[in-house]
Amino acid sequence: MTNPSQLDEIGIGGLGASRKRVEDARFIRGRGNYVDDITLPGMLHMEILRSPVAHARIKSIDTSKAWEIPGVRLVLTGEMAAQRNLAWMPTLSYDTQAVLATDKVRFQGQEVACVVADDPYTAKDGCEAIVVEYEPLPAIVNPRQAHAPDAPIIRDDKEGQTDNTCYAWEVGDKAATDRAFEQADVVSKLSLHYPRSHPSPIENCGAVASYDPATEKLTVYMTTQAPHIIRAAVALVAELPEHMIRIVSPDIGGGFGNKVPVYPGYVCAILCSILLGTPVKWIEDKSGNLISTGFARDMYFDGELALRRDGRILGVRFHADTDQGAFFSDAQPSKFKIGLVHSAFACYDIPTGHITARGAYTNKAPGGVAYRCSFRVTEAMFFQERIIAAAAADLGMDPAEFRRINLVRDDQFPYRTPFGFLTDSGQYQKCLDIGLAAIDYEQFLREKEEAAKHGRLLGIGISTMTEPLGAGNSREYDILGIKMFDSAELRVHPTGKAILRTGAKTQGQGHETTWAQIVAHELGIPAADVVVEEGDTDTAPFGMGTYASRSTPVAGAAVAMVARKIRAKARKLAAHLLEVSEEDVEWELGRFYIRSAPDRGVSIQECAAAAYGNMPDGMEPGLENNAYYDPPNLTWPFACYIVTVEVDPESGVWDVLRVVAVDDCGVRINPMIVEGQIMGGLTEAYAMSNMQFITFDADGNCVGSNYMDYLLPTAWETPGFELHEVVTPCPHHPLGAKGVGECAAVGGPAAFVNAVLDALSDTGVRNIDMPLLPDRVWEAINSGQNVSGAPPVRS
Ligand code: CDP
């Protein structure tokens, strides 16, 4: 019998422990196992030939020279794929996408053919030997061109497609919003473009497809954030039985949304393996990844706020044009064409609003991926915080005070937003107050005034936002008809050690560390005794994968729920061991005891042993279970980011002085990992606002598709971050946790841009599109005009 254990929860790596990441032991020693590390017997290598032009009719493809190269085993064209009904595939947004072009190419970098050879170099030579004759067509690089009446129709492959619109959507109350604008004292307007950006994970996409003709089983090792959805998609696209497909997502070198879509490269590798009956490896190169895989953002906003003179917002309306590229292939809830952009303004108490949105096909790689973001909330929050700053300036009001007047108050929860979301908890004012105190707001305003006397331009930018994390609940959220729940399976072995599997897939977020902490919290089994496995569809329970910071809200909740199921069975075992009835048994961390005799108890490990060796009559042996968790609502973290900058009026260069972040993501499972997530997100926010330039010229050429233009920030450029926390538990999550992974990347960019524009407030400039490169800032200072970054640009 075990005496009172009084286990130290932090000591066993439970909830709230800043436990070191267990996965790092292999990563920092170079012992990670990425797709490119996988080598199978007889494996061949595939390379892709991509289109050099953005829009052209394919007149002919001559592959004869490629076939002649020694070592080339297969040259696959769209025509050959079409014979297998695989030249096109369905997308996650109910569109179709070319796997290999047959009729036309529709963006620069589109897949035209692929070559399989004994090694990647020979395969590359094979690609270069293919001769393609293109008949150029005019390229479209922005929605304005796409929606012009005389625009060439990009998707003429689609029956009934008579223009370049891929969706039109609206939400809100138009009549009530119109009335709010009629009653307004001041109407504040803003138009801006959130530029295309690229998630740029360090590891590119890749796959090792292995079809075994003897067993008829297809195994695909691939870089995917959502293995089960991929399995379903492969079953549909390749018309293979789902139980004969195994998708394995090994270690992933960063995903950031880039590894959610199904890319033609994966499909080609699978098809080539089926055709050759041997494993085929495809590893994308860096420029291929930058030019052709999932882009994010590229959204145009025109919006306005109806304001009362005293600072109250009466209504909001905006129109959003999204540039989807040639194929509409975002992963997003089927119901919401514009990917939750209507979560904008959820943290403000605004009576009414109306949004219209329209998607355009253009001659660009498919866009709209959720880059560290819940579908399209990054764009939404950016526009929100930019127009909030503009409105405060229009009213002549302090931007912090303007926010304070309009933020939803603590006593207003649960709060229904004008666009139908239900936010359920938060302490918005408190977060703002902590942020303002940390940055020493009043003191900075004095410094700014003083600096201005000497011609120095200081600025301060605030961004406050709540965002919906954790899609979904099954009532409202599905992808391709599959509901957005998630899952966990827990097996406790006879010695009390355990293996946990979930339907999520870590790509750097540290699930192997934090999920074990949840088990430790629920069962008292030390986190070190729990191994976490994700990403293999043959072993993991079905789940929707990891994106949109949904892991903790959904899969993390499933982990808590499955552990509670285990505890319920262990209680029966404890009662049996203690020879009392179950009602007389109490639980404390890691141990059951008799209520009337607390000294008499059994540990969870003793219960585990009994589950296999000493169970009561009639009890099924074993201690394992699974849980599928369907959250009742999204989780709504809140964040306040404040940035101070100094702009050099001579060069337009701006330096960050300080960055203060106050995040409320509810209960923190691992505070150190949460802080890492926030720092990573702020780093990306800084990079997006400052240095990441990737765009298109009038011919549809991708400009900036290299890491000399599209800069990834290093520790050298990245400013320091000062982090603060508020904890408002999520009322419906079993642990009170809310998602956090993307908050800083979503809310951060507006704080940087608002700071630079605040420094320029005397110039009358209202907007500079990101990235705020020195030449753009310089142009704004010297012209006093807004600076647009929308394509086409001069190459
Ligand atoms: O879906 P994804 O893993 O990208 O995002 P997340 O659910 O926000 O979690 C990111 C990491 O932070 C995971 O390791 C979480 O367990 C951890 N986290 C935490 O410790 N406490 C929270 N309240 C939220 C996340």
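In what follows, a residue is near a molecule if one of its heavy atoms lies within 4 Å of it. With that in hand, the ligand makes a good starting point for a walk through this predicted model.

Around the ligand there are 24 residues, and Gln509, Ser551, Thr552, Val667 and Val740 come nearest. Sorted by character, the shell around the ligand holds 9 nonpolar, 12 polar and 3 charged residues. Three helices, α14 (511–523), α15 (551–578) and α17 (671–690), each contribute at least two residues to this shell. Several close approaches between polar atoms can be picked out here. Gln509 takes part through its backbone, where an N or O atom lies 2.7 Å from an oxygen atom of the ligand. His511 and Ser551 take part through their side chains: a polar side-chain atom of His511 is 2.8 Å from a ligand oxygen, and a polar side-chain atom of Ser551 is 2.7 Å from a ligand oxygen. The ligand taken alone exposes 510 Å², of which the protein buries 98%.

A short way before α15 in the chain, the backbone has a feature worth a look. Ala548, in the loop between β25 (530–534) and α15, has a positive phi of about 60 degrees although it is not a glycine. Ala548 counts as buried, at 4% relative accessibility. Another residue with a positive phi, again not a glycine, is Asp440, whose value is near 60 degrees. Asp440 sits in the loop between α12 (428–439) and α13 (441–453), and with a relative accessibility of 42% Asp440 is partly exposed.

The backbone also contains cis peptide bonds. One joins Ala471 and Gly472, with omega at about 5 degrees; Gly472 belongs to the loop between β20 (457–466) and β21 (478–479). A cis peptide bond also links Pro791 to Pro792, and here too omega is about 5 degrees. Pro792 is found in the segment that follows α19 (774–783).

Attention now turns to a charged side chain in the interior. Asp298 is part of strand β15 (residues 296–307) and is buried, its relative accessible area being 1%. Two polar contacts engage the side chain of Asp298: one reaches the side chain of Arg196 at 2.6 Å, and one of 2.8 Å reaches the side chain of Lys364. Beyond its neighbours within four places in sequence, Asp298 is in contact with His193, Tyr194, Pro195, Arg196, Asp321, Thr322, Asp323 and Lys364.

Two loop residues help to show how the chain is arranged in space. Ile252 lies in the loop between β13 (245–248) and α8 (264–276), and with 6% relative accessible area Ile252 is buried. Although Ile252 and Gln507 are 255 residues apart in sequence, their C-alpha atoms are 4.9 Å apart in space. Setting aside residues up to four places away in sequence, Ile252 touches Tyr34, Glu203, Thr223, Thr224, Gln225 and Lys259, along with Lys505, Thr506 and Gln507.

Val341 occupies the loop between β16 (313–325) and β17 (352–361). At 0% relative accessibility, Val341 is buried. Not counting residues up to four places away in sequence, Val341 touches Met299, Phe301, Phe318, Arg376 and Ala380. The C-alpha atom of Val341 is 44 Å from that of Asp212, and these two residues are 129 positions apart along the chain.

Finally, the cysteines deserve a word. A disulfide is a covalent bond between the sulfur atoms of two cysteines. Applying a cut-off of 2.5 Å between cysteine sulfur atoms, the count for this model comes to 0 disulfides. For Cys272, the closest cysteine sulfur is in Cys114 at 4.1 Å, which is too far for a bond. Cys347 likewise lacks a partner, because its closest cysteine sulfur, in Cys640, is 10 Å away and therefore too far for a bond. Cys272 is buried at 0% relative accessibility, and Cys347 is buried with a relative accessible area of 0%.

Notes. Residues are numbered from 1 along each chain as its sequence is written. This is a predicted model: local features need pLDDT of at least 70, side-chain atom pairs count only at pLDDT 80 or more; totals for chains, interfaces and linings use all residues. Side-chain values use heavy atoms; hydrogens and water are left out. Buried means under 20% relative accessible area, exposed over 50%, partly exposed in between (1.4 Å probe, protein chains only). Helices (H or I, at least four residues) and strands (E, at least two) are DSSP runs, numbered from the N terminus. A polar contact is a pair of N or O atoms within 3.5 Å; within protein, one must be able to donate a hydrogen and the other to accept it, and residues adjacent in sequence count only if both atoms are side-chain atoms. Contact means heavy atoms within 4.5 Å. Accessible areas come from the Shrake-Rupley method with a 1.4 Å probe; for residues, only the protein chains shown count as cover. Ala, Val, Leu, Ile, Met, Phe, Trp, Tyr, Cys and Pro count as nonpolar, Asp, Glu, Lys and Arg as charged, and the others, Gly among them, as polar.
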